[in-house]
Amino acid sequence: MSKQKQSHIERTANEPRDEVGFLPGQWVDLYPPPHTGIKKPGGFTITSSPSLAVARRPPAATHRHSPDDEAQPEPTTAASPSPAYLELAIQSSPTNPPAAYLFQPAAELLRNEVRVRIGGSFVFPPPAAALAPPPLRKAVFVAGGMGINPLMSMLSFIGEQRDRWAGLEVRVLYSVRDPRHASEILFLERIVGLFESGSVKGGLRLFLTGGTAPSSVQDGNTRGEKDVVRCNNGAKVPFLRRRMSVSDVEQAVGEDKEAAVVYICGVPLMTDQFVEALVSPAGLGMQQKRVLFEKWW
């Protein structure tokens, strides 16, 4: 007899929750409006940075007077605050009532109030224990498919606070099924942009699985190049046509295992295999507190 699949609430029953604010990497319990009749919440990863969840008022416009002008108060123009929002990763799923609700036409969703509760312990910065001396010098983000979702929030956070994390080297290892178009690779252009702009120091290694022969992956009519994903914004991203391996993660950590943290998010089999290899004395031998993981189902 097959085991019944647990709901999001059942799987995450022991995870901490909060009603306000969030840390990069967390998710929400989202409760649709009461009139929908949907009682159980849906669990959706937050992919935006925490700063976007706070309404920000831009500086007021001022008028500068010349020295010959009579002294008078400078007029100001009130500026509307930018709206606060959460960007969520939501996969279309007709059998998941909260997700099905959110995939309705926008006109049916706007101005309907939903309730959210923040949860999850897979967050950046890592717990204080992982930041103990020596100082943190490297963060390795390992994503399998949709496992990129919480890591995107973390990368955005690091990019926004570039001065705070100026000494941090970030390595992203991202494995996805070979897509027909580059736009199908979640957040690829956004990740590349963070590295190319210098907001995040480090680099990306992309792995494509499920293809038949080496080829290019491109968008629109833009001509691609062999073993390169060429995005709409012109970025060219080299890729490896194979599965990501434990040795790839070990190589990314390099000689910095005492001053590094590794975040792994993917399917259970991949996640378990990588975590075991990294913390095992027979493997890389990293401290358990420096290897953080979350599984997606």
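In the predicted model, Ser156 has a relative accessibility of 14% and therefore counts as buried, the cut-off for this class being under 20%. Ser156 belongs to helix H4, and when residues up to four places away in sequence are left out, it touches Ser49 and Leu194. The burial of Ser156 is shared by much of the helix around it: twelve of the 13 residues of H4 are buried, so the helix is largely enclosed by the rest of the structure. Among these buried residues are Ile148 at the start of the numbered range, Pro150, Met152, Leu155, Phe157 and Gly159. Helix H4 covers residues 148-160 and reaches 18 Å from its first C-alpha to its last, which is close to the 18 Å expected at 1.5 Å a residue.

Helix H4 also contributes to the largest nonpolar core, which has 40 residues and in which Phe124, Phe141, Val170, Tyr174, Leu206, Val229 and Tyr263 have the most contacts. The elements that give two or more residues to this core are H4 and helix H5 (188-196), together with strands E8 (138-144), E9 (169-177), E10 (202-209), E13 (236-240) and E14 (260-266). Of these contributions, that of H4 is the greatest, at seven residues. Apart from this core lies another, of 21 residues, which includes Val140, Val246, Met270 and Val291. For Tyr174, the contacts beyond its neighbours within four places in sequence include Ala143, Ile148, Ile191, Leu206 and Met244.

Aromatic rings form a further set of links, and six aromatic pairs are found in the whole structure. Phe124 and Phe157 make an edge-to-face pair, with 6.4 Å from centre to centre and 65° between the planes. This pair links distant parts of the chain, since Phe124 lies in the loop between strand E7 (115-119) and E8, whereas Phe157 lies in helix H4, 33 residues apart. Both of these residues, Phe124 and Phe157, are buried. Phe124 also pairs with Tyr263: the ring centres are 6.0 Å apart and the planes stand at 55°, so this pair is tilted. Here too distant parts of the chain are linked, as Tyr263 is in strand E14 and the two residues are 139 residues apart; both Phe124 and Tyr263 are buried. Ring pairs join Phe122, Phe124, Phe141, Phe157, Trp165 and Tyr263 into a cluster.

Strand E13 has two pairing partners described here. With E10 it pairs in the parallel sense over two bridges, and Phe207 stands opposite Leu240 in E13. Strand E12 (residues 228-230) and E13 run antiparallel and are joined by three bridges, with Val237 of E13 as the bridge partner of Val229. E12 and E13 form a hairpin with five residues between them, and in its turn Gly234 has a positive phi of about 90°. The side chains along E13 alternate, in that Val237 and Phe239 point to one face and are buried, while Lys236, Pro238 and Leu240 point to the other and are not.

In helix H6 (residues 246-253), the buried residues are Val246, Asp248, Val249, Ala252 and Val253. Seen down the axis of H6, these buried residues fall within an arc of 160°, so they line one face of the helix. An α-helix has 3.6 residues a turn, so residues three or four places apart point the same way. The cover over the buried residues of H6 includes strands E8, E9, E10 and E14, as well as helix H7 (268-279). After H6 comes Gly254, whose phi is positive, near 65°.

Methods. Residues numbered from 1 in each chain as written. Predicted model: local features only at pLDDT ≥ 70, side-chain atom pairs only at ≥ 80, totals over all residues. Heavy atoms only, no water. Helix = DSSP H or I, 4+ residues; strand = E, 2+ residues; numbered from the N terminus. Expected span 1.5 Å × (residues − 1). Buried < 20%, exposed > 50% of the residue type's maximum accessible area, 1.4 Å probe, protein only. Contact = heavy atoms within 4.5 Å. Core = buried A, V, L, I, M, F, W, Y, C linked by side-chain atoms within 4.5 Å. Pairing = 2+ DSSP bridges. Arc of directions from axis to C-beta. Phe/Tyr/Trp six-rings, centres within 6.5 Å; stacked < 30°, edge-to-face > 60°.
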